[in-house]
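Open your viewer and keep the selection tool ready. We will take one stop at a time.

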Amino acid sequence: MRSFVFERAADLPQAVKLGAGTRQGQTDAPAQFLAGGTTLIDLMKLEVLTPQRVVHLQSPGAPWSAIEVSPNGARLGAFAKMSTVADDARVLAQYPVIAQSLQLAASAQIRNMATLGGNVLQRTRCPYYRDPSWSACNKRVPGSGCAAIHGFNRNHAILGVDENCISQYPGDFAIALIALDARVELMGAEGTRLIPFASLHTGVQSQPHIETTLKPGEIIIAFHVPAGAWTRRSLYLKVRDRASYEFAIASAAVALSIEGEEVREARIGLGGMAYRPWRSQEAENILIGNPLTESSAAAAAAAALKSAIGHGHNDYKPELARRTIVRALLEAKALQLSSGAS
Ligand code: FAD
Ligand code: SF4
């Protein structure tokens, strides 16, 4: 690990000032924030990230780590630990897809350390990105090429990719957030602002090294999840190579509102298969207004995967993804909810 300046911010406004050079999601950012450290320290040890300054966002208390659930929705403080939110009885009851996306992520030790804000900003697990001895990686070294396209790409993405980068967004929580139309509360030099979670991560757009739309110094302070008839009938299905402590190779966050036989609302987020947290409104549109059956679920999955493209080792993924979406939808339909929920 290289030497760097370590600074402790007394509070978040001071952290914003100290992090002025920090454009999160940009590999060559000269300053990086430190929250739980489970991504940042890993990548610094590997010399993938080499910031000159690390600004510790030292465990800010309430409201930055508070969990609030009301009839209008949920506000999850960005400094809440993954494990705290995963175990919160109100989140479990009202937003099971969120609780499950956190419960099924990483290990108990990591969940106790890692924060929600750090989780959504975790980096790809592409082995060529994580190993600087590979010279070709556009995400790590802009303009250097992509070693994965003709290399070992079994875990790589099939949606939202192009010849610049085929890496997979690895997180779980973000898939629940994008499905539920969450918004992100940010604090920066010009004050606070709220943006749709769907606009936090960028697409490849020839610039894989730029991963978010955060402004320099901006800090994620909370996630806002709107209430809806669909949040209780929701689940997160994660398919991985082993049953625990493993990233998704395909996952689906689904939330449904069903009246009688008819699907009134549907929300579908996809993980493990796309370049960035992915929502499939094409699939949702096929379901809404119709009964949910195996064949309508299959049609929705086909719509979600219409633009899927494999690069050899990951050619198995469209079929795995299709089955994951169908299973998640049918399991969500079969959920037995207590009275008052649809
Ligand atoms: P840090 O490492 O402190 O920060 C990560 C990045 O976010 C840094 O660039 C930092 O500058 C920035 N940052 C942090 N907080 C903020 C903020 N509030 N505002 C602005 N920028 C900020 N994740 C899954 O989803 N599913 C898994 O299955 C999974 N498995 C894992 C297995 C292993 C072995 C490991 C090491 C990690 C795994 N993870 C998994 C990833 C893990 O969940 C993340 O590392 C963790 O959530 C990051 O949170 P953190 O607080 O430690 O972030
Ligand atoms: Fe780098 Fe993306 Fe290619 Fe992986 S897939 S080597 S992260 S450019």
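Start with the overall layout. This is a predicted model. Select domain 1 and domain 2: their C-alpha centres lie 35 Å apart. To colour them, use residues 5-59 for domain 1 and 234-334 for domain 2, as given by the domain assignment.

**Stop 1: ligand 1**

Select ligand 1 and zoom in. Where does ligand 1 sit? Ligand 1 occupies the largest pocket. Now show its surroundings: 33 residues surround ligand 1. Label the closest ones, F33, T38, T39, T115 and D172.

Next, colour that shell by class. You should find 15 nonpolar, 12 polar and 6 charged residues around ligand 1.

Switch to the cartoon view. Which helices and strands each supply at least two residues of the shell around ligand 1? Pick out the strands β2 (31-34) and β8 (219-226), then the helices α2 (40-45) and α7 (116-120). Bring back your domain colours as well. Domain 1 and domain 2 each give at least three residues to the shell around ligand 1.

**Stop 2: polar atoms around ligand 1**

Turn on distances and go through three pairs.

- Select I220: one of its polar backbone atoms is 2.9 Å from a nitrogen atom of ligand 1.
- Select K238: an N or O atom in its side chain is 2.9 Å from an oxygen atom of ligand 1.
- Select E246: a backbone N or O atom here lies 3.3 Å from an oxygen atom of ligand 1.

How much of ligand 1 does the protein bury? Taken alone, ligand 1 exposes 980 Å², and the protein buries 96% of that. Show the protein surface and look for ligand 1 again.

**Stop 3: ligand 2**

Move on to ligand 2. The space that ligand 2 takes is the second largest cavity. Show the 14 residues around ligand 2. Which of them come nearest? Label C126, C137, C146, C165 and I166. Then colour this shell by class too: the residues around ligand 2 divide into 9 nonpolar, 4 polar and 1 charged.

How values were computed. Residues numbered from 1 in each chain as written. Chains lettered and ligands numbered in written order. Predicted model: local features only at pLDDT ≥ 70, side-chain atom pairs only at ≥ 80, totals over all residues. Heavy atoms only, no water. Near = heavy atom within 4 Å. Polar contact = N/O pair within 3.5 Å; in protein donor to acceptor, adjacent residues only side chain to side chain. Areas by Shrake-Rupley, 256 points an atom, 1.4 Å probe, with all protein chains shown as cover. 1 Å grid on protein atoms, 1.4 Å probe; cavity = no way out; pocket = protein on both sides within 12 Å on 5 of 7 lines; lining within 4 Å. Sits in = over half its atoms within 2 Å of the grid points. Helix = DSSP H or I, 4+ residues; strand = E, 2+ residues; numbered from the N terminus. Nonpolar A, V, L, I, M, F, W, Y, C, P; charged D, E, K, R; others polar. Domains from an automatic or database assignment.
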